[in-house]
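Reader: I am new to this structure. Please take me through one part of it closely.

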Amino acid sequence: MASDDLALEEFSNLSGPPPVDDAGDKTAADLATVFDVPVNISAVLGKSHMSVAQLLKLNRGSVLELDRKVGEAIDIFVNNRLIARGEVVVVDDRLGVTMTEIIKTEDSGA
């Protein structure tokens, strides 16, 4: 018997449909094993390019021009990967970020 025939015979003995990964039945408890994994979260208001000389001239009260406009969404990174966009909010005299858009990448299923 050829090796191709053997492979066909092995798979012909399987019964029933292949298992389906049903994401609809998942709960927060399914993620319990990763709850303690530390992640680095960054909320980027904008970026600016300058020389070292310009950087050294900055002091308290200096105004730094960013590449974003007022009201434009900020980028939210987890472990240096863009995952969302959001807005800056004030809660009890503290700054916070609210997510307004989740960024889905093509390799997010990996």
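Reader: How many bridges join β2 to β3, and in which sense do the two strands run? Please start there and work outwards.

Author: A word on the source: this is a predicted model. Now to the pair you ask about. β2 and β3 are joined by 5 bridges, and they run antiparallel. β2 covers residues 74–78. β3 covers residues 81–91.

Take the turn. The two strands form a hairpin, with 2 residues between them. Asn79 sits in this turn and has a positive phi of about 50°. Asn80 also belongs to the loop between β2 and β3. Its phi is positive too, about 65°, although Asn80 is not a glycine. Is Asn80 buried or exposed? Asn80 has a relative accessibility of 68%, so it counts as exposed.

Now the residues beside the turn. Val78 has Arg81 of β3 as its bridge partner. Val78 also stands opposite Ile41. That second link leads to β1. Strand β1 spans residues 41–44 and pairs with β2 over 4 bridges, in the antiparallel sense.

Look next at Leu82, a residue of β3. Its relative accessibility is 22%, and Leu82 therefore counts as partly exposed; the cut-off for buried is under 20%. Which residues does Leu82 touch, leaving aside its neighbours within four places in sequence? They are Asp75, Ile76, Phe77 and Ile103. Ala43 is 39 residues away from Leu82 along the chain, yet the C-alpha atoms of the two are separated by 9.7 Å.

Go on along the chain to the other partner of β3. β3 and β4 run antiparallel and are joined by 8 bridges. One facing pair here is Arg85 and Glu101, the latter in β4. The loop between β3 and β4 holds Asp92. Asp92 is not a glycine, but its phi is positive, at about 50°. With a relative accessible area of 70%, Asp92 is exposed.

Put the strands together. They make an open sheet of 4 strands in the order β1-β2-β3-β4, with antiparallel pairing. β1 and β4 (94–102) stand at the edges, and each has a single partner strand, so one side of each has no neighbour in the sheet. From one strand to the next, the twist averages 40°.

β3 also takes part in the largest pocket. It supplies 3 residues, the largest share of the lining. What is the volume of this pocket? About 170 Å³. The lining includes Gly86, Glu87 and Val88. Ile74 lines the pocket as well. Others in the lining are Leu45, Leu66, Arg68, Lys69, Val70, Gly71, Glu72 and Ala73. By type, the lining divides into 6 nonpolar, 2 polar and 4 charged residues.

Last, the chain as a whole. Its secondary structure comes to 2 helices and 4 strands. From the N terminus on, the elements run α-β-α-β-β-β. The chain has 110 residues, and buried ones make up 6% of them. Consider contacts between residues at least 6 apart in sequence: 27% of these join residues at least 24 apart.

To return to your starting point: β2 and β3 are antiparallel, with 5 bridges, and their hairpin has 2 residues between the strands.

Note on methods
Residues numbered from 1 in each chain as written. Predicted model: local features only at pLDDT ≥ 70, side-chain atom pairs only at ≥ 80, totals over all residues. Heavy atoms only, no water. Buried < 20%, exposed > 50% of the residue type's maximum accessible area, 1.4 Å probe, protein only. Contact = heavy atoms within 4.5 Å. 1 Å grid on protein atoms, 1.4 Å probe; cavity = no way out; pocket = protein on both sides within 12 Å on 5 of 7 lines; lining within 4 Å. Points joined across faces, edges and corners; volume = space filled by probe spheres on them. Nonpolar A, V, L, I, M, F, W, Y, C, P; charged D, E, K, R; others polar. Pairing = 2+ DSSP bridges. Axes fitted to C-alpha atoms, helices over the stretch in contact; angles between N-to-C directions.
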